[in-house]
Each structure stands twice: as C-alpha cells, then as structure tokens.
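Hi everyone, thanks for coming along. I'd like to walk you through a structure that is probably new to most of you, so let's bring it up on the screen.

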Amino acid sequence: MANIIFKKPWENLNLKPTDEDVYFNRRTILKQLGMVTGGLIAAPFISACAKEAEGPEIETFTGDNDFTFEGMDALYPASQNTAYSLDRPITIEAAATQYNNFYEFIDPDDPSIYNAHRYVSTFDTRDWKIEVSGLANNTGVFHLGDLITEMGLEERLYRHRCVEAWAMAVPWTGFPLSKLINFFEPNNKATHIAMISSSKPSQMVGVRTQDWYPWPYFEGLRMDEAMNELTFMATGLYGKPIPKQNGAPIRLVVPWKYGYKSIKSIVKIAFTDRQPGTFWNQTVPEEYGFLSNVEPSIPHPRWSQENEWLLPDPDNIWKSQRFNGYGDYVAHLY
Ligand code: MTE
C-alpha cells in the first residue's frame, strides 16, 4: 500500500519558526511534564456528481471494516441530500482516509501523529452497541445495526476544518443527529448531550501508551446545537461504511466547529442538564473551549486560524470562514 507523504502542520501556512520548534518538541516536552497538549495543531460549486480534487497518484486506501448487520450492504451508497453543497472539490479519498486525527491510534514511536490507518487493524467494531442514558424516556443499550435500520441513511457533502488548520470536503453517509435524539425522547430538562468514544487499551495503541490523556475521548453539545439540521451522525464515507481510522462504525460530524468536536467511534450517549466536560478542554483548558466554533479572527494560542490548507496539498491554502462557512445555518445560535 502506498502512502501519501504529508508535510507536517508546522511546515504550512504562517507558522513562525519559533512555533515550529515549540510544536515539534511539544510531545517530548509535555511528556516530560507528564501531560501532552492538544495535538490539535487539520472550488467551484460541486454538485451531486462532483469529481474528487486532483491529487497525487496513489493507491486508494480505505482500511478494513468489520462492522456489519443484516441489510447493511443494501444501504450503501445512500442517495445524496443535495441541500448541502460545497464551495470546493471533494478531497481525494486516499487523503481523507490516510491523514487522520485519532489519538487512540497514535503510536508514540511513529513520528507522524496522523497515521491512525496503520494501527486500526486491531480495532474490533463488530456487533457495536450504544448505551443511552440520562434525561430521556427511551434509554438503554441499542444495537447500532437496529438504530441505522430505524434511521435510514443519506449522503451529505460537508466541509471539515481541523483546529490544526488542515481542511477537507467529504461525502459522509449517515443521518441527522436530531432524528436519533427524537428517537430517544429526551425530556425538557435535558440541556446538553454528551458522547463517549470506545476506549480499549488492548486494541488501541494510543490508549495503551499515552496514559496522560483522560481516556476515553469525550465530547458534548448544547441541545440546540445537537438538534441543528447540520449536525450529523456518520456511519459511512465515500459511499461505503466508514473506515476505522475515520471513526467506525459511527461518529459525530459538526461541520461549523473545529474537528475535535466530531467525536469518533461512539459507545455512549447521555442527556444531561449541565454542560458536559470535553477531552481537549480537560487536557489543555487554556487552548480548547466547549463551543469551539470555527472563528478565523481568533488565533489559536500557538498559530493563526486565518487560513486553512486542503488535504492533501499543504500549498492549497484557502481563507478560513466564520462557522466554517455555515453561518446561514448556525449564526443565530450564538
Ligand atoms: N475522536 C476521537 N475519539 N479521538 C480523536 O483523537 N480527533 C478529532 C475528531 N474526533 C479525535 C476524534 C479531531 S481533532 C479531528 S480533526 C477529527 O476527529 C478528524 O477526523 P478524520 O480523521 O476523519 O479527518
């Protein structure tokens, strides 16, 4: 399998040399301190039949999938909801599936932090269940296959903006989170939704070796954010079940927020009456807040957020947009 050679984030954009040094040494320095900061350093109108962007000649790698249920194959590819269009080409599949941010699958001995696809083969996603708890009527343990069958699937083209300034545009398959929330029937005391990722040390090299992180990965949204029409649960990518490195078998997608809000491989959902904590806020509170909306005018403490580069080309630099360009859908929430 061929791999794309990506430049490191500190080779891009307007990071100063000092930032580079800081970033490059960050993992070592903070490991010595006993903690690691957020690794969070991430066209023309495209229609339903959009072509992928031009990219290097590489073999497409989408990873192995082992999640399955009766009737799943018939659901892919799902028909596209054309209400959600892009302003840029779709990212080549090989880039979106080989440049990932998934800390559970970082091998500290691998110099790149983006190689999750190399370490996911041990991850068992068969027979996936989600435990739903808290302020709702329909709580309990649900088989993911049953939930997907109940929800149905559609495809949406969304932009994705990592806080580290890389960006992509991909076709997710899934269903609106609002539909799932309605199925669980939260009561009117529920103000927030919390989600938790799978955390299996024996299957996840990052969890096994990076004990300074507060595993499992956890995230949350306000209920009005969760119920917004853009907020999506993805079970597929590029018309197929989602690869493990992209968050198999189910992940959140919140396209107007920095990518770290889009929690992967979800095993628990809870409805609560208070703002839940989040993995990155707990790890580096001075750098990562709860809302985390894309806001180019507010720099990250260690780099600018004015621009972003599109996978797989660090020289393909675009201006970042407020709410990642989704202001018409979400600006009224803030
Ligand atoms: N979810 C978990 N469980 N663990 C992670 O490390 N990384 C986040 C988010 N969800 C992450 C996660 C970040 S920082 C980003 S940018 C996106 O996943 C990356 O999604 P992708 O790898 O599919 O592009």
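Before we look at any helix, one word needs pinning down: I'll call a residue buried when its relative accessible area is under 20%, exposed when that area is over 50%, and partly exposed in between. Please also keep in mind that this is a predicted model.

Let's start with helix α3, which covers residues 144–151. Which of its residues are buried? They are L144, G145, L147, I148 and M151. Around the helix axis these five cover an arc of only 160°, so they sit on the same side of α3. Turn to the other side and you'll find D146, T149 and E150, which are exposed. And what do the buried residues of α3 pack against? Their partners are the strands β1, β2, β4 and β7, together with helix α4. Just after α3 comes G152, with a positive phi of about 75°.

Since α4 has come up, let's go there next. Here the buried residues are L177, S178, L180, I181 and F184. If you look down the axis of α4, they fall within an arc of 160°, so they line one face of the helix.

Right behind α4 is E185, and I'd like to stop there for a moment. E185 has a positive phi of about 55° although it is not a glycine. You'll find E185 in the loop between α4 and β5. Is it buried or exposed? Neither, quite: E185 is partly exposed, with a relative accessible area of 42%.

There is another residue to set beside it. F323 is not a glycine, and its phi is positive too, at about 55°. F323 belongs to the loop between β12 and α8. With a relative accessible area of 6%, F323 is buried, whereas E185 is partly exposed.

While we're visiting loops, here are two cis peptide bonds. One joins A248 and P249, with omega at about -5°, and P249 is placed in the loop between β8 and β9. Another joins L311 and P312, where omega is about 0°. P312 has its place in the loop between β11 and β12.

Now let's go inside. In soluble globular proteins, nonpolar side chains tend to be buried together. In this model, the largest nonpolar core has 89 residues. Which members touch the most others? Those are W172, M233, I269 and F271. Strand β4, residues 166–176, supplies the largest share of this core, with six residues. Take I269 as an example: leaving aside residues up to four places away in sequence, its contacts include I130, V132, L180, F184 and M233. Two of those names, L180 and F184, you have already met among the buried residues of α4.

Last stop: the ligand. There are 19 residues around it, and Y103, E104, R251, S262 and K264 come nearest. Let me point out some polar contacts. A polar side-chain atom of N100 lies 2.9 Å from a ligand oxygen. N101 uses a polar backbone atom, 3.1 Å from a nitrogen of the ligand. At Y103 a polar backbone atom is 2.7 Å from an oxygen of the ligand. And how much of the ligand does the protein bury? Taken alone, the ligand exposes 530 Å², and the protein buries 100% of that.

That's the tour. Thanks for listening, and I'm happy to go back to any part of it.

Terms used
Residues numbered from 1 in each chain as written. Predicted model: local features only at pLDDT ≥ 70, side-chain atom pairs only at ≥ 80, totals over all residues. Heavy atoms only, no water. Core = buried A, V, L, I, M, F, W, Y, C linked by side-chain atoms within 4.5 Å. Buried < 20%, exposed > 50% of the residue type's maximum accessible area, 1.4 Å probe, protein only. Helix = DSSP H or I, 4+ residues; strand = E, 2+ residues; numbered from the N terminus. Contact = heavy atoms within 4.5 Å. Near = heavy atom within 4 Å. Polar contact = N/O pair within 3.5 Å; in protein donor to acceptor, adjacent residues only side chain to side chain. Areas by Shrake-Rupley, 256 points an atom, 1.4 Å probe, with all protein chains shown as cover. Arc of directions from axis to C-beta.
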